[in-house]
Each structure stands twice: as C-alpha cells, then as structure tokens.
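Trainee: I'd like to learn how to read a fold from its parts. Could you walk me through this one?

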Amino acid sequence: DEILLCEASTVYKYIQEDGSNRGTYGKLVCTNFKIAFLDDDSTSDDNEPQFKNKIIGENDITLQCVDQIYGVYDEKKKLLTGQLRKYPEKLIIYCKDLRVFNFCLRYTKEEEVKRIVSGIIHHSQTPKLLKRLFLFSYASAAPNNTDGRNQTVMFDTLEDWRDELERTKGNVQYKAVSTNEGYRIWCWSCHNGAALLKMSAFPKEQDDSTSQMQKAFLDGIYRTIRKPPYELLKTDDLSSSLPSLQEIQTAYTRFKQLFLIDNSTDFWATDVKWFSLLESTNWLEIIRRVLKKAIEVVECLERQHTNVLLIEETATDLCCVISSLVQVMMDSYSRTKLGFQSLIQKEWVIGGHGFLDRCNHLHKSDKEEAPVFLLLLNCVWQLVQQYPPAFEFTETYLTVLSDSLYVPIFSTFFFNSQHQKDTTMTGEILKTQSSPFRFLTVWDWSVQFDLKAQAFLNNPLYAEKPKPEKSQRKTARFKHQRQLSLPLTQTKSSPKRGFFREETDHLIKNILGKRIGKFINSSDEPPNSFREFYDSWHSKPIDYHGLLLPRIDGPEIKVWAQRYLRWIPEAQLHGGGTIAIAAKILDLMEEVQNLQVKMDEEHSQAVSGDTHAVPMLRNYARLSSLFPFALLQRQSVKPALPTSTWKDLEDEDDLVKRDDEFVDLSDML
C-alpha cells in the first residue's frame, strides 16, 4: 500500500519557461512510491491530454525516477545529499525521464521545509534493501483484475523456449533445459541455418581444470551444429570491439545534460553551441558504433552463413544489445509489438540483464550504473524513424517503455535475474507467511493507459505482412516463414559454399561431416566486406518484412527528439512536426472505421471487438510537435539574439566568426 511519509503546504511550483516566475501553489508530498505536487487549483482541465498515464500523473515523480536534487541558496545551486545543515529556499528535482521540477519553499513553514526536503532526499537518494521497494508493497496487495489479454511470450517455461526453437526453424540441434541444468547460449537461428549464440567470457588466467571445462564447453557448441559447414564459428568479443559500460555511462551523462533545462536562458545558451556540445558527448557516435557492429553480425549470419558467438564478461549487457538488434533487423516478427516484447523478455529479462544495478534502483553503487537498455531503445528508434512501415509500434511506444524503467509496480525491470526474483519471492513468502506476490508485467499496457491512449502505441501505417491465398499455402509450406528477399545476392549460392573464401571451401570438402572447430576472426575477412554488404543492400528496394539495415553514415544518426525534447517548451513546433501528419492519417482512419461500421450494420454483421481504437485528435492545429506528452499550453519566444551574443556583438563580421550560432534545433532532429 502507498504510505504518506511527509508533506509540506504552501509550496509554489514554477512554470519556468520565460523567467517570469509564474506558477501555482499547492502541497508537496512524499510517499513510499512517489513525490507528488497537489495543485490547489486542481479543477477539471478542458485541455487535459488524451495520452494520460493512470499511475503517474503530470506532477508525480516515482522515487526511482529521481536523478539529482539541487537546492538554491542565495541564487546559487547546490547538489543536496545526506544530512543538511541549512535548508534551501528553492528545490530543483531532475528526473531520469528528463523532467525538471522547480519548487519555491519561501512561503512554507520552516519545520515543514525540513521534513519535506530531508524526506525526499532520504527516500529517493539513500541506499535501500530490495525488499523495501514499493514493488513488494504493491505486489502483496495488487488487484487480480488486469487486462488478461497480454500474449507476450514470457520465456519463463521450457515450453516457451521449445516453441521459439520451432518458430525459428534453424538447422541447429539445441535442447531447452532449465537454468540449473546447463548453459543457455542460443539466441536465435537464421533461415539459412546459421545461429546467433552468446556466452560469458572465460577467465583470462586459467588452470588446467578451467581449460578443460572451456574445451568441453566449446566442443558442446560444435556438436549442436548439425548442418554443414560445421567448422565455421565466428567469435566476437564485444568487450574489446565496443565501448565499455563506463564510456557509455559517461557519454549519456554528458548527453542528458543538454536536455535537463530548467529555464529559457539555459536553453538558448546551449542552443548557441548546440552542434559542438552534442558532438562532444559522443552519445550519437556510440549509437552508430553499436548499429555498425549489429550489421557486421547480420552480414556473417545472412551473407556468409556463419554461426556467430558473442562474448562478453557476463553476456548480459552488450550481448543483449547486439543480439536484440540483429533479431530486429533480420526477423520481422521482432518488429511487431508482441514480437518485440517477447524479444525483450527472452534476451533481457530471462537473459539476466542486471536492471536493478544498471538502473541503480537501490542507489547502492554508481559504478554499476549504465544505460544499456536505453542504448538499445535509442538504436531501435533509429530504425523506427528510418523505416516506419516496418514496425507495428511507434516511437511513442518506445518512449513510454523507457519511462516504465522507473515505475516500481512492474517486476519486469526491477531484478538482476529471474533467479534473484524467484529466490526473493520465496524468501519473503516464507519469512512473512504471506500470500504469493502478484507481480505485474509492464507488457499489460491497460495498467497504465486506457484504450484510447494505447492507440498511440500502435503504428497506423504499419505494412502488415499479407497472408498467402489458400491455394498457395500448400506449395509454400516448405519455405521458412521468415524467408528473406535479401536485395544483395545476384545469384543464389549453394548452401555448402555460401560466400566463403576458396581455402575455406577446400577445407569443407576435405573434412565435411567432422565436427572440427575453426574460428574466423574479423581480421580474416576482406576489409571492404562490410561496406560492400551495406552499400549493396541500400541500393536495392526495401522489403519491410525482410532484412532491414539502418543508415549509419554521418547525419543519419539522429537525436530521439520525442524522448529528449518533450518537456522543453522552447523546442515545440506549434501545430507542426510529425503530429500534424499523424493527425491527418488518424482522421482518415476514423472515417474508414466509421464507414466499416455502417457497412457491417447494413449486412447485419457483428463488429469485431479486436479493432484498435483510433485516438481522436480534435483541434490538432493547437497541438505542438511534443504531443502526446505535451499540449500547446504555453509559448516561448526565442530572443532575436542570444543574450551571450548581442552584448558583445559589434558588427556583422563578429557574427560570422561565431561557431554554431542561431542553429534551429529542429534541423538536427
């Protein structure tokens, strides 16, 4: 249950967009679940957004979503941690979803200020035990009346794994076992028989027993491959070929600072040097490198028919990123909403990604924190914005999914592994003699959104895969369901030859049928192999249900505008942006659905209950490009010249010499 911990009245919440200090009075409260501002003028708003979260209100911050807390003393900001000797006159809360809240405490009673500031710092910043998370309080009293229509494959049973092995129809002899019976290294099988595998790295310093175990383990991998060529297994150590987790964390920390804006002056100050600041973060370059690595793996699987083994220290971070991206690029099922959710379950939740540590939910160690899952979502967004018809879900879906990382009523992103979840549940039940916990999954979107809001998660322009005619089904049955019409091979090669070098072909002819391992390292491949594969694919027509390769050159890698700019009024395009296009499309969809209803009524046919609701965007000319997360409620006017410029500006020559001056943010996004 949610418990009130502390509160303060007569708190003034600023609406900081033009330095006018406009805002509203209300009560600031802190519970064991969230920090909330209760507006004194909380009357029904006719301008209430249609995309409304049923759990987290506009002025709510879950304790896990708090990033940093600053106090303002005599107009100077200071980071607040631990015990305070002096309490601030203003409180600024920076959130992990990039919202910024400004509270004035000048008119609040001194004792209430002490309680609320100390309470917020303590409950959102100090280390805590796992069982103290609100997740467990909610799970013990969670209603057993959720949607029930969640069809996401959870991969928590052997049957789910057997079904996935059957679905991919790879030429690989794997067996689904429980986590206590052996290693789980299989990720996915390509239609040509090549398999994507992953495993944790062996210790660098090994004794004889460890070496024997390593040899037996690798021999086991070779024995699973039952179709020629047995000898081809490319290993890729991601720890050496991709940025470290520390580098990723550092880059993202710098990057997010560009968007944690609490006033217009700071916004325009960063706008002056926007491109140079953006480049210096290195975040977009990391995204580009990760996508390039995924394309390299795709080339091995698809073009070279080579099995790929991804290696990492624990195989639960960058291995998850690359394996997920490869499947999104190669398997159209992973580009549906259910398919993508099942992919996250398989590779991340059951795959053992340490969400608890990487998101630092317990505030125990900043050294373990790294936005690995957020990196995946950024990479997938690049594909979604480059090939919208190929995805059943929208960028709004990805944005909401990133927000759900910090909502502690879903167990999906709050454990380091399934084993940790199971042992914690069992221990708490035995200790308290309580009934079993009813943990919710984030994939039941009805918990957070009603049907109209959920419609924004579905892509109205998704190019659904056409179903074959009945007359064609028998003849097409022998084909794999993900047969790719890859636009790069001029002639279809023999399955045995593939695209391998002559010496490899000679080797296969001599030892075909023998399970002998031969590692192929990146250095053995022609240096222009990647570029040839990449350019060849992009020169051909796109099959939205076949292979997708992202464009990664230069400015093709962009900022995820919806997620990072949605709370900044200065970044709004009034009545413009993608929302203007979406509004027109949704209007047409509404007309089509109305016509369909009339036709069904005329033919006395029942209307299907599975049709997606279409969100109604009335008066969309008044909306901003930040919809559905922000309505056009206020305007911020850009100064004719930034304050840092006009004071020093003497003539036109000075303006020319300045770098990145007056860049329109929308040009980059």
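Mentor: We'll take the sheet, then the helices, then the cavities, and keep in mind that this is a predicted model.

Trainee: Let's start with the sheet. In what order do the strands of the open sheet come, and what is the sense of the pairing?

Mentor: The general idea is that strands of a sheet pair through backbone hydrogen bonds, either parallel or antiparallel. Here you have an open sheet of 8 strands, ordered 4-3-2-1-8-7-5-6, and the pairing is antiparallel.

Trainee: Which strands stand at the edges?

Mentor: Strand 4 (60-62) and strand 6 (76-79) do; each has a single partner strand, so one side of each lacks a neighbour in the sheet. From one strand to the next, the twist averages 30°.

Trainee: How many bridges join strand 1 to strand 2?

Mentor: There are 8 bridges between strand 1 (residues 4-14) and strand 2 (residues 23-31), which run antiparallel. To get your register, look at Leu4, whose bridge partner in strand 2 is Thr31. Strand 2 also pairs with strand 3 (residues 34-39), again antiparallel, over 5 bridges. Cys30 finds its bridge partner in Ile35 of strand 3, and the two strands form a hairpin with 2 residues between them. Over at the edge, strand 5 (residues 66-73) and strand 6 are antiparallel with 4 bridges, and Gly71 has Lys78 as its bridge partner.

Trainee: Which strands does helix 1 lie across?

Mentor: Helix 1 (residues 110-125) lies across strands 1, 2, 3, 5 and 7, and runs at about 110° to strand 1.

Trainee: Now helix packing. At what angle do helix 9 and helix 13 pack?

Mentor: Two packed helices are described by the angle between their axes and the distance between the axes. For helix 9 (residues 283-303) and helix 13 (residues 372-386), the angle is about 75° and the axes are 10 Å apart. That makes helix 9 roughly perpendicular to helix 13. Helix 9 brings Trp283, Ile286, Ile287, Val290 and Leu291 to the contact, while helix 13 brings Leu375, Asn378, Cys379 and Gln382. By class, that's 7 nonpolar, 2 polar and no charged residues.

Trainee: And how many cavities of 30 Å³ or more are there?

Mentor: There are 3 of them, and the largest holds about 220 Å³ of space. Its lining has 17 residues, with Tyr252, Arg358, Glu369, Pro371 and Tyr406 nearest the centre. Helix 6 (245-257), helix 12 (355-358) and helix 13 each supply at least two lining residues. The lining of this largest cavity has 10 nonpolar, 2 polar and 5 charged residues.

Methods. Residues numbered from 1 in each chain as written. Predicted model: local features only at pLDDT ≥ 70, side-chain atom pairs only at ≥ 80, totals over all residues. Heavy atoms only, no water. Axes fitted to C-alpha atoms, helices over the stretch in contact; angles between N-to-C directions. Parallel < 35°, antiparallel > 145°, perpendicular 65-115°, else oblique. Contact = heavy atoms within 4.5 Å. Nonpolar A, V, L, I, M, F, W, Y, C, P; charged D, E, K, R; others polar. 1 Å grid on protein atoms, 1.4 Å probe; cavity = no way out; pocket = protein on both sides within 12 Å on 5 of 7 lines; lining within 4 Å. Points joined across faces, edges and corners; volume = space filled by probe spheres on them. Pairing = 2+ DSSP bridges.
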